[in-house]
Every structure is written in structure tokens, then in C-alpha cells.
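Q: I'd like a close look at one small part of this chain, and then at how it ties in with its surroundings. Could you walk me through it at an easy pace, in one go?

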Amino acid sequence: MRGASDGNGEGSAGEAAIGRGGNGDRSLRARMHTAEHLLSAVMRRRFGAPRPVAAHLDGGRKGRCDYVVSRPFVPEDAVAVEAAVRGLIAQDLSVSVRRMSRVEASAHFDLEAVPPDVKTVRLVAVHGVDETPCSGAHVDSTAAVGGFRIASFTPREGGVVRLRFRVDAAPR
Ligand SMILES: [Zn+2]
């Protein structure tokens, strides 16, 4: 996740945060954060949602993300999105980090959520799925996220749907 809107302050991609998390991080925070990347990638594919307009990870196993959707989100979507995220977890895709100058990154990525003083952008890639500016902690590969569930969804104004999700207490 990415974003000034991230409730726990994890989202903005910036030099200051480089070094947090790191290889082999299987903390709950890293699992939740990686789950959010997967959820956002699935929402982009399915609804064209560019990224969450707001997101919050509560520090526990629950998180919520708001997405602008191109059509009403229905219960079948919740089932399909959950299945798609679980599928990405099951594929055990590698999660990697690289850094790029802001100038170069601006040609390829939306840097709106990256603080303006950040000159080197940290990019987090889920192999074959998604690469996005982010400063947070992530697991090394998606299987470490463990179980994932869409707990609920709520339509909101402005064509937004709020998704609440959970991960299991411990990774598989
Ligand atoms: Zn992230």
C-alpha cells in the first residue's frame, strides 16, 4: 500500500522508511501489508481501481481498503476477489524491492502518495502481478501471507466500496 491515506502511516514510499521490514519478515504487519498489495492488484484488474483511495491496517489481523469501482460491487464480487487473492497467495510469488530515482519513477508510476521531498522511490513488486511505490514491510513471498478472507464490503458515496479483510492468526 501506498498512500498518504494509509491509517498506520505505512504507505508512503520514501527514503526515510527504507530498511523497515526487510527480507524474511513474516510479522503480522508484513503479512497484512502484502495482502493489501494483492487485494489492490485484484481490484485493479477487476474494476480498474487504480489503488485504494483510503486504507487502514489496524495493527492486528484486520484491515480495510476503499476503492473506486467502475460498477456496483456485489456479493459475487466479494467471493471472486477473495478467491483471486487466495490464488495469488497459493502461487507463492516472490516479493521484491528496488529503488529508483524519483524522476525515472515518475515516468512509470503514480507518485502522488510519495512525499515531495523523497528523491529515491522504493518500489515493491509482487512477481508478475504488481509493482508499486511503498515504504512498508512485506513478506518475501506471497504464501507467507497465509489465509485471507474478505470479511465484509460496504458501498460508500462516490462509487466507492469499502472492503474489510482479515488474515489468519499464523501463516501456513
Ligand atoms: Zn506495501
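A: Let's start with Asp92, which counts as partly exposed because 13 other C-beta atoms lie within 10 Å, and the cut-offs are 20 or more for buried and 12 or fewer for exposed. Keep in mind that this is a predicted model. Asp92 sits in the loop between H2 and strand E3 (95-101). Its backbone is worth a look too: phi is near 50°, a positive value in a residue other than glycine. Most residues other than glycine have a negative phi. The positive phi of Asp92 comes just after H2, and that helix is a good place to go next.

Helix H2 covers residues 75-90. With 16 residues at 1.5 Å a residue, H2 should span 22 Å, and its end C-alpha atoms are 23 Å apart, which agrees. Which residues of H2 are buried? They are Val81, Val85, Leu88 and Ile89. Looking down the axis of H2, you'd find its buried residues within an arc of 105°, so they line one face of the helix. An α-helix has 3.6 residues a turn, so residues three or four places apart point the same way. Turned away from the buried side of H2 is a face with the exposed residues Pro75, Glu76, Val79, Ala83, Gly87 and Ala90. As for what lies over the buried residues of H2, the cover includes helix H1 (28-47) and strand E6 (148-156).

That takes us into the core. The largest nonpolar core has 33 residues, and Ala35, Leu38, Leu39, Val85 and Leu163 touch the most other members. H1, strand E1 (54-57), strand E2 (62-68), H2, strand E4 (120-126), E6 and strand E7 (160-167) each put at least two residues into this core. H1 gives the largest share, with 8 residues. There's a second, separate core as well, with 5 residues, among them Ala105, Ala113, Val114 and Val121. In soluble globular proteins, nonpolar side chains tend to be buried together. Back in the largest core, Ala35 is a handy one to click on: leaving out residues up to four places away in sequence, Ala35 touches Val145, Phe148, Phe165 and Val167.

Now for the strands under H1. H1 lies across E1, E2, E6 and E7, and it runs at about 25° to E2. These 4 strands make an open sheet in the order E1-E2-E7-E6, with antiparallel pairing. E1 and E6 are at the edges with a single partner strand each, so one side of each is left without a neighbour in the sheet. On average, neighbouring strands of this sheet are turned by 15° against each other, direction ignored.

You can trace the sheet strand by strand. E1 and E2 are joined by 4 bridges in the antiparallel sense. Across that pair, Ala55 has Cys65 in E2 as its bridge partner, while Leu57 has Gly63 in E2. E1 and E2 also form a hairpin with 4 residues between them, and Gly59 in the turn has a positive phi of about 90°. On to the next pair: E2 and E7 run antiparallel, joined by 7 bridges. Gly63 turns up again here, with Phe165 in E7 as its bridge partner. Phe165 is also one of the residues that Ala35 touches.

Going the other way from Asp92 brings you to E3, which pairs with E4 in the antiparallel sense over 7 bridges. Val95 stands opposite Val126 in E4. E4 also pairs antiparallel with strand E5 (residues 130-133), over 4 bridges, and there Ala125 stands opposite Glu131 in E5. E4 and E5 form a hairpin with 3 residues between them, where Gly128 in the turn has a positive phi of about 75°.

Stepping back to the whole chain, you have 3 helices and 7 strands, in the pattern α-β-β-α-β-α-β-β-β-β along the sequence. Of the 172 residues, 39% count as buried. Among contacts with a separation of 6 or more, 69% are between residues 24 or more positions apart.

Note on methods
Residues are numbered from 1 along each chain as its sequence is written. This is a predicted model: local features need pLDDT of at least 70, side-chain atom pairs count only at pLDDT 80 or more; totals for chains, interfaces and linings use all residues. The expected span of a helix is 1.5 Å times one less than its number of residues. The arc is that of the directions from the helix axis to the C-beta atoms. Two residues are in contact if their C-beta atoms, placed from the backbone, lie within 7 Å. A nonpolar core is a set of buried Ala, Val, Leu, Ile, Met, Phe, Trp, Tyr and Cys residues joined through C-beta atoms within 7 Å. Two strands pair if DSSP finds at least two bridges between them. Axes are lines fitted to C-alpha atoms, for helices over the stretch in contact, and angles run from 0 to 180 degrees between N-to-C directions.
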